[in-house]
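Work through the exercises below with the sequence and the structure open. Each task is followed by a solution in steps.

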Amino acid sequence: MFAIASGAPDSLFEELWRLQQQADELFGTWASPSGGIRSQPRGSFPAVNIGHTPERVDVYLFAPGIDPKTLDISIQENLLTVAGRREIPTHEQATYYRQERFSGEFRRVIALPEDADPDRVQARYQDGIIQIGIERREAARPRQIEVH
Amino acid sequence: MATQSEVTSRPSAAGAPERRGAPAETPVRPPVDIYEDDEGITLCADMPGVSKERLELRVEANTLILEGTARLDLPQNAEALYADVRSSTYRRTFALSGELETDKIDANLKDGVLTVRIPKRSEVRPRRIEVRTG
């Protein structure tokens, strides 16, 4: 098999992975939740991907089979918290051969870039992915500095 | 450590990243639950990001093949900060046995969860065996 043609949507994840490695090298800590103190081991539910542009940050949580109404999504300072529950019923009469899917409560805390604007957040759920888009503050905008 | 060439080979914001020499994606093996009851076998697979159009489910030579492609709604010039999921394709296969009716498989995809129901042939469904005394 040859590599997928440039720009094909299929290649985005792979591209993300490569770019993450560069982001780790270039930006250090906040850009790398993988090394953050709130990071969770690979394989935690739900899996998380984060992409960004100069205008916004998009967080994708791979959470199939949940009721989006039961989700609790909040932002405090630059910490995004997503909590919820996925209950998988077990069939008493059946014989189970594999039970690999996550069942129970989950919570993931994601450190966002400092310029993420907690007042401009949108979330949606489609095909089992929670997408949370957070706008970034404009760099040119003067920042109010409070004196305590 | 990033070498100079790695840093400068960073794709431009306009996209069109350098693709030459990129390794082929290794598909994600979706986690599954599999259980059996008197009527058949049920398989549930987590395939988030896959819609009906991007799912392929087929039986080839008594092997059940699950394949799908996830799609993320990414802005054009997005760059990654972090990625648990590093492939957009899913694939997993299961060998089926002869007592299963592969032409009567029923599948349903909802919110990224694929549920596949494979009925058993009626003649192989369990019969209660009476134990006679005397």
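Two strands count as paired if DSSP finds at least two bridges between them. The model used here is predicted.

**Exercise 1. Pairing across the chains**

Determine how many bridges join strand 1 of chain A to strand 5 of chain B, and whether the strands run parallel or antiparallel.

Solution.
- Step 1: Locate strand 1 of chain A at residues 47-52 and strand 5 of chain B at residues 79-83.
- Step 2: Count the bridges between these strands: there are 4, and the strands run antiparallel.
- Step 3: Apply the cut-off of at least two bridges; with 4 bridges, the strands are paired.
- Step 4: Look for a facing residue: Asn49(A) lies opposite Ala83(B).
- Step 5: Check the cover of strand 5 of chain B: 5 of its 5 residues are buried.

**Exercise 2. A salt bridge in chain A**

Find which residue forms a salt bridge with Asp115(A), and state whether each partner is buried or partly exposed.

Solution.
- Step 1: The partner is Arg136(A), with 3.0 Å between the closest N and O atoms.
- Step 2: Asp115(A) sits in the loop between strand 6 (104-111) and strand 7 (116-126) of chain A, while Arg136(A) belongs to strand 8 (residues 129-136); the two are 21 residues apart.
- Step 3: Buried means under 20% relative accessible area. Arg136(A), at 10%, is therefore buried, whereas Asp115(A), at 23%, is partly exposed.

**Exercise 3. Two salt bridges in chain B**

Place the partners of the salt bridges Asp37(B)–Arg117(B) and Glu67(B)–Arg91(B) in their strands and loops.

Solution.
- Step 1: In the pair Asp37(B) and Arg117(B), the closest N and O atoms are 3.0 Å apart.
- Step 2: Asp37(B) is in the loop between strand 1 (32-36) and strand 2 (40-46) of chain B, and Arg117(B) is in strand 8 (residues 113-119), 80 residues apart.
- Step 3: For Glu67(B) and Arg91(B), the N to O distance is 2.3 Å.
- Step 4: Glu67(B) lies in strand 4 (residues 63-69) of chain B and Arg91(B) in strand 6 (residues 89-95), 24 residues apart.
- Step 5: Glu67(B) is partly exposed at 21%, and Arg91(B) is partly exposed at 36%.

**Exercise 4. Salt bridges overall**

State how many salt bridges the whole structure holds, and which residues of chain A are linked in a network.

Solution.
- Step 1: Over all chains, the search finds 24 salt bridges.
- Step 2: The network links Arg56(A), Asp58(A), Asp117(A), Arg120(A) and Glu135(A).

Methods
Residues are numbered from 1 along each chain as its sequence is written. Chains are lettered from A and ligands numbered from 1 in the order in which they are written. This is a predicted model: local features need pLDDT of at least 70, side-chain atom pairs count only at pLDDT 80 or more; totals for chains, interfaces and linings use all residues. Side-chain values use heavy atoms; hydrogens and water are left out. Buried means under 20% relative accessible area, exposed over 50%, partly exposed in between (1.4 Å probe, protein chains only). A salt bridge is a side-chain nitrogen of Lys or Arg within 4 Å of a carboxyl oxygen of Asp or Glu.
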